[in-house]
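Reader: Please take me through one part of this model in detail. I would like the pocket first, then whatever helps to place it.

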Amino acid sequence: MINKIFQSLVRSYTFRTGRAISLYKLVCHPRGVEYTEFLRRHGGFHSIGEGSVVLTTTVVTNPAYVRIGKNSILSTCTLIGHDASAPLLGRAYGLKLDSVGKIDIRDNVFIGYGAIVLQGVTIGPNAIVAAGSVVTKDVAEGDIVGGVPARPIGRVEDYVKKLHEQTRQLPWADLIEQREGGYDPKLEPELLRRRLSHFYGPSAGVEGA
């Protein structure tokens, strides 16, 4: 009870003031939806669209230049809005240099784990950046990109069709049909049990539930 009260106090203070962010993350363990709402209020982004999610592990160096559209997800990725070598080189060569740019993430974009997006890039809409990619150029609408540097490796519409067919064959397909969004706490225990049973056998499913 005391822990929940403390969490509530920390959450309320952080949402009201924009301070104690590290403590908020440590104590409250906010899920992406809650943390994204905090970023809308205090994160300094140009804008974050409805239904988008930014995980607490995402790093954004220059949020003022970042626009995120609707229904997009930023996993544990990094957005770098400037080239920090510019002032160093300026001093070395006796010049005044600057290198900064926008990062424009359109609607329905997924950016995977460990991906790095550099300045001056527009992604999507309806695009996927694969895990571990380094995005140096615009990602066209509907493209899946991957690699270093990231290049087109597929189309989202084809991937959606493949996922749909695979999902229909899963032993827990009926639960996915019932689920609202990507996570439903009411269905999660049974979903976990069926998955473990499918992966490791019936006894593992029971033990892991």
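Author: What follows looks at the pocket, then at a sheet and one serine. The model is predicted.

The largest pocket has a volume of about 1200 Å³. It is lined by 32 residues. Closest to its centre are Ile 73, Phe 110, Arg 179, Gly 181 and Gly 182. Three helices each give two or more residues to the lining: H3 (32–42), H5 (156–168) and H6 (173–178). Helix H5 supplies the largest share, eight residues. By type, the lining holds 16 nonpolar, eleven polar and five charged residues.

Now the sheet. Four strands form an open sheet in the order E1-E4-E7-E10, with parallel pairing. Strands E1 (47–48) and E10 (121–123) stand at the edges. Each has a single partner strand, so one side of each lacks a neighbour in the sheet. For E10, the pairing with E7 (residues 103–105) is parallel and runs over three bridges. Ile 105 stands opposite Ile 123 of E10.

Last, the serine. Ser 133 sits in the loop between strand E11 (128–129) and strand E12 (134–135). Is this loop residue buried or exposed? Ser 133 has a relative accessible area of 0%, so it counts as buried; the cut-off for buried is under 20%. A polar atom of the Ser 133 side chain lies 2.8 Å from the backbone oxygen of Ala 130. Leaving aside residues up to four places away in sequence, Ser 133 touches Gly 114, Ala 115 and Ile 116. It also touches Val 145, Gly 146, Gly 147 and Ala 150.

Definitions and conventions. Residues are numbered from 1 along each chain as its sequence is written. This is a predicted model: local features need pLDDT of at least 70, side-chain atom pairs count only at pLDDT 80 or more; totals for chains, interfaces and linings use all residues. Side-chain values use heavy atoms; hydrogens and water are left out. Two strands pair if DSSP finds at least two bridges between them. On a 1 Å grid over the protein atoms alone, a cavity is a set of points where a 1.4 Å probe fits but cannot get out, and a pocket is an open set with protein on both sides within 12 Å along at least five of seven lines; lining residues have an atom within 4 Å of a point. Grid points are joined across faces, edges and corners, and a volume is the space filled by probe spheres set on the points. Ala, Val, Leu, Ile, Met, Phe, Trp, Tyr, Cys and Pro count as nonpolar, Asp, Glu, Lys and Arg as charged, and the others, Gly among them, as polar. Buried means under 20% relative accessible area, exposed over 50%, partly exposed in between (1.4 Å probe, protein chains only). A polar contact is a pair of N or O atoms within 3.5 Å; within protein, one must be able to donate a hydrogen and the other to accept it, and residues adjacent in sequence count only if both atoms are side-chain atoms. Contact means heavy atoms within 4.5 Å.
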